[in-house]
Amino acid sequence: MIPVSSVSVPSAAEGYVLEVLRSGHLAQGEFTERLEAGFADLCDVKHAVAVSNGTVSLELAAVALGIGPGDEVITSPFTFVATVNAMLNAGATVRFVDIDPVTYCLDVSQVEAAITPATVTIAPVHLYGLAADMAPLMAIALRHSLAIIEDAAQAHGALYKGARVGSFGVGSFSFYATKNMTTGEGGMVTTNDDAVADRLRLLRNQGMRARYEYEMVGRNARMTDLQAAVGTAELEILPERIERRRANAAGLTEQLDDLETLVVPFIPADREHVFHQYTVRLQDGAPVDRDELSARLLAAGVGSGVYYPRTVHGYSCFSGHPRVGGGVFPEAERAARQVLSLPVHPQIASGDIDQIATAVREALGDAR
Ligand SMILES: *Cc1c(COP(=O)(O)O)cnc(C)c1O
């Protein structure tokens, strides 16, 4: 059975974790600082602030930017629920804009129409490991004096026109177990803004500047040094793992892109995809539907995943929420019905790509 995701922590993590255990300093400490420095380097930003998870990193990014009740954030309805939960928990109102059917990221051409006098931020999601179309988004943000929060939870190291995601606005990353880089649970906020970084560091630690000097209402959102020790080892091999994911993705595309009813991932020429997910789209009118394809793959020993089976605004806890805007998002709905992610994780053995591609072709009645 080839699973759609597989977690394998590099052996260097064992030594680092043991070092922390023996040091007697388990809470946020030296490994956290080391991970922050390395991650800031990766993203080519001045500051990286480690926090307890990716959802909290999104929420603190919003709070550090001064976003709260009465403020509107524009994002995608085709994302993991955390994007919306984090903004709501920060007190903001969420408005959705449909996605681009080719990249599955925000349809930038529809963003300006969704801006109201209350809009303060655009929060693009770099879905599946592909950067959203940042240049026009940055231009819109500049024109309307809006902040940018990048939900880069799935896109560590992805590039847009040569620049790293997380370096355009305030970047938010997740180190959840199945992400491209993990600490079990964990997150990181990236920024070039000294004041935002300062607020983030206060917010994650009870609003405390120095012992018993509280400057704002804070939280406990710290990362432990045990998590950071794992993250340090993971960061060391991230580039190698991204290369493996890219090579696996290229292998699948080579074997699948002639299928008429199946759309393979498109990589715009100005971006480098890190393939957190390799997501195909099964067109309406294909010999089997998405769920049947997934069932046939499973029978052939190939795992797959649906990210995501429903749009966020379709759930009643959000559609009925006073701080969630409505609307009709046909491309997000269509994607939710048609997408299926195939395994490309770095633990895939040679031969697995052939097995996956053959299983897909056979399921679609197009064996070669
Ligand atoms: C995983 C994820 C998050 C949340 O990260 P956690 O670490 O699980 O809290 C946010 N947004 C997206 C798009 C994600 O995939």
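**Notes on the ligand site, the sheet and Thr 182**

1. Let's start with the ligand: 17 residues surround it, and the closest are Gly 54, Thr 55, Asp 151, Ser 174 and Lys 179. Keep in mind while reading that this is a predicted model.

2. On the polar contacts, three are worth a look. Gly 54 contributes through its backbone, with an N or O atom 2.8 Å from an oxygen atom of the ligand. Gln 154 uses its side chain, where an N or O atom is 2.8 Å from a ligand oxygen. Lys 179 also comes in with its side chain, a polar atom of which lies 3.1 Å from an oxygen atom of the ligand. As for cover, the ligand on its own has 380 Å² of accessible area, and the protein covers 93% of that.

3. Now the sheet. It is open and built from seven strands, with mixed pairing, and the order reads β1-β9-β8-β5-β4-β2-β3. The edges are β1 (47-51) and β3 (93-96); each has a single partner strand, so one side of each has no neighbour in the sheet. On average, neighbouring strands are turned by 25 degrees against each other, direction ignored.

4. At the β3 end, the partner is β2 (residues 72-75), and the two pair in the parallel sense over four bridges. If you want a spot to check the register, Ile 74 stands opposite Arg 95 in β3. Helix α4 (residues 82-89) packs on the sheet here, touching β2, β3 and also β5 (147-151). The direction of α4 makes about 145 degrees with that of β3.

5. A second helix to look at is α5 (residues 134-143), which lies across β4 (119-123) and β5. Its angle to β5 is about 150 degrees. Strand β5 is thus touched by α4 and crossed by α5.

6. Last, a residue that deserves a click: Thr 182, in the loop between β8 (170-174) and β9 (187-191). Is Thr 182 buried or exposed? Its relative accessible area is 4%, and buried means under 20%, so Thr 182 counts as buried.

7. What does the side chain of Thr 182 reach? One target is the backbone oxygen of Tyr 176, at 3.2 Å. Another is the backbone nitrogen of Ala 177, at 3.4 Å. Leaving aside neighbours within four places in sequence, Thr 182 is in contact with Phe 175, Tyr 176 and Ala 177, and also with Val 230, Gly 231 and Glu 234. Tyr 176 and Ala 177 therefore turn up in the contact list as well as in the side-chain distances just mentioned.

Note on methods:
Residues numbered from 1 in each chain as written. Predicted model: local features only at pLDDT ≥ 70, side-chain atom pairs only at ≥ 80, totals over all residues. Heavy atoms only, no water. Pairing = 2+ DSSP bridges. Axes fitted to C-alpha atoms, helices over the stretch in contact; angles between N-to-C directions. Contact = heavy atoms within 4.5 Å. Near = heavy atom within 4 Å. Polar contact = N/O pair within 3.5 Å; in protein donor to acceptor, adjacent residues only side chain to side chain. Areas by Shrake-Rupley, 256 points an atom, 1.4 Å probe, with all protein chains shown as cover. Buried < 20%, exposed > 50% of the residue type's maximum accessible area, 1.4 Å probe, protein only.
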